[in-house]
Amino acid sequence: MSEPMEILRLESVYRTYTQGNAKLDILRGAEFSLYPGEAVALVAPSGAGKSTLLHMAGLLERPDAGEVIIGGRATSGLSDAERTRIRRNEIGFVYQFHHLMPEFSATENIMLPQLIAGLDKSEAKSRADQLLSWLGLPERGTHRPTELSGGEQQRVAIARAVANAPRVLLADEPTGNLDIVTAEAVFDSLFKLIKATGLAALVATHNLELAARMDRRITLRDGLAVEV
Ligand code: ADP
């Protein structure tokens with residue numbers, strides 16, 4: 001049997017939260033596919049369930065029903081340890097705030113996940129240097145996060161997220177904390193990386209101009225992911 005082309009697939013995913021007496025049906029059978037080398041914007045109002053969808057896709061939470069398939073492999077029946085392994089190997093995360101380690105340099109922040117994954121120091125360093133250069137920061141490796149601008153910090157966070165060459169990048173408002181011009185520049189770097197490496201990215205954003213430049217756009221409507 002040939003492998004499906006999509007790297008990430010959500011099949012009929014349901015998720016309900018309880019708040020007090022209220023039941024919130026956030027995802028009600030959401031279906032979605034993500035293909036290698038594409039950037040897909042996830043644009044929906046606050047509270048619509050963007051983070052929820054990203055958490056399901058990233059195996060951070062389990063759906064109440066439905067299936068999340070990564071690289072052709074269904075994940076609902078897997079143990080937490082197996083899900084963690086897939087998450088570490090296949091998925092990178094970027095958030096609105098960079099969460100870089102303040103006591104480490106940019107290069108060291110990008111090396112850390114690689115060292116944890118078992119790479120030796122020189123391999124991790126050369127990969128970090130390559131990523132910094134791809135992301136337009138060849139001169140910033142020795143700087144600590146506080147010595148970097150907001151846009152530079154986010155580029156380092158992106159480099160860290162893809163340091164172990166995941167096949168999927170999930171980003172929750174990655175440029176939400178940046179001014180328009182900086183947001184565009186950071187997105188340009190990310191887009192180049194996606195096209196150069198075949199990474200697949202799902203990016204929740206409120207920035208409609210950035211969304212317009214991505215390959216596809218989806219929104220959440222009545223708990224379903226719909227193409228717009
Ligand atoms: P978005 O990212 O689009 O702003 P979220 O996915 O964060 O939306 O949240 C969707 C809805 O689900 C919100 O109303 C939020 O309050 C609710 N929600 C999210 N996570 C939980 C949780 N763990 N417990 C209860 N309610 C939650």
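This is a tour of a predicted model, going from the ligand site to the sheet beside it and then to the empty spaces.

**Stop 1: the ligand**

Select the ligand and the residues around it. The shell has 13 residues, and those that come nearest are Gly 47, Gly 49, Lys 50, Ser 51 and Thr 52. By class, the shell holds five nonpolar residues, seven polar and one charged.

Now show N and O atoms and look at the ligand's oxygens. At Gly 47, a backbone N or O atom sits 2.7 Å from a ligand oxygen. At Ala 48, the corresponding backbone distance to an oxygen atom of the ligand is 3.3 Å. Thr 52 takes part through its side chain, where an N or O atom is 2.6 Å from an oxygen of the ligand. The ligand taken alone exposes 560 Å², and the protein buries 63% of that area.

Colour by secondary structure to see where the shell comes from. Strand S1 (8–19), strand S2 (22–34) and helix H1 (50–57) each give two or more residues to it.

**Stop 2: the S1–S2 hairpin**

Select 8–34, which takes in S1 and S2. These strands pair in the antiparallel sense over ten bridges. Two residues separate them in the hairpin, and Gly 20 in the turn has a positive phi of about 60°. To check the register, pick Val 13, which stands opposite Ala 30 in S2. A second pair to pick is Leu 10, with Phe 32 of S2 opposite.

**Stop 3: the rest of the sheet**

Add S4 and S5 to the selection. What is the order of the strands in this open sheet? The order is S2-S1-S4-S5, four strands with antiparallel pairing. S2 and strand S5 (73–74) are the edge strands, each pairing on one side only.

Strand S4 (residues 65–70) pairs with S1 in the antiparallel sense over five bridges. Tyr 14 has Ala 65 in S4 as its bridge partner. Move on to S4 and S5, which run antiparallel and are joined by two bridges. Here Ile 70 has Arg 73 in S5 as its bridge partner. S4 and S5 form another hairpin with two residues between the strands, and Gly 71 in its turn has a positive phi of about 55°.

**Stop 4: the cavity**

Switch to a surface or void display. How many cavities of 30 Å³ or more does a search of the whole structure find? The search finds one, and about 50 Å³ of space lies in the largest cavity.

Select its lining: Leu 54, His 55, Leu 60, Phe 93, Val 94, Tyr 95, Leu 170, Ala 171 and Asp 172. Helix H1, strand S6 (91–94) and strand S7 (168–172) each supply at least two of the lining residues. S7 has the largest share, with three residues. The lining divides into seven nonpolar residues, one polar and one charged. H1 therefore appears at two stops of the tour, giving two or more residues to the ligand shell and at least two to the lining of the largest cavity, under the element numbering used here.

**Stop 5: the largest pocket**

Centre the view on Arg 88, Ile 91, Pro 113, Arg 160 and Asn 164. Of the 20 residues that line the largest pocket, these are the closest to its centre. The pocket holds about 630 Å³ of space.

Next, show the elements around it. Helix H2 (80–90), S6, helix H3 (106–116) and helix H5 (150–161) each supply at least two lining residues. The largest share, four residues, comes from H3. Eleven of the lining residues are nonpolar, six are polar and three are charged. Note S6 while it is on screen, as this strand also supplies at least two residues of the lining of the largest cavity.

**Stop 6: the second largest pocket**

Finish with the second largest pocket, which has a volume of about 160 Å³. Select its lining residues, among them Ile 7, Pro 36, Arg 127, Trp 134, Val 162 and Leu 199. Two helices give two or more residues to this lining: H4 (121–134) and H6 (180–197). By class, the lining has eight nonpolar, two polar and two charged residues.

Conventions: Residues numbered from 1 in each chain as written. Predicted model: local features only at pLDDT ≥ 70, side-chain atom pairs only at ≥ 80, totals over all residues. Heavy atoms only, no water. Near = heavy atom within 4 Å. Polar contact = N/O pair within 3.5 Å; in protein donor to acceptor, adjacent residues only side chain to side chain. Areas by Shrake-Rupley, 256 points an atom, 1.4 Å probe, with all protein chains shown as cover. Nonpolar A, V, L, I, M, F, W, Y, C, P; charged D, E, K, R; others polar. Pairing = 2+ DSSP bridges. 1 Å grid on protein atoms, 1.4 Å probe; cavity = no way out; pocket = protein on both sides within 12 Å on 5 of 7 lines; lining within 4 Å. Points joined across faces, edges and corners; volume = space filled by probe spheres on them.
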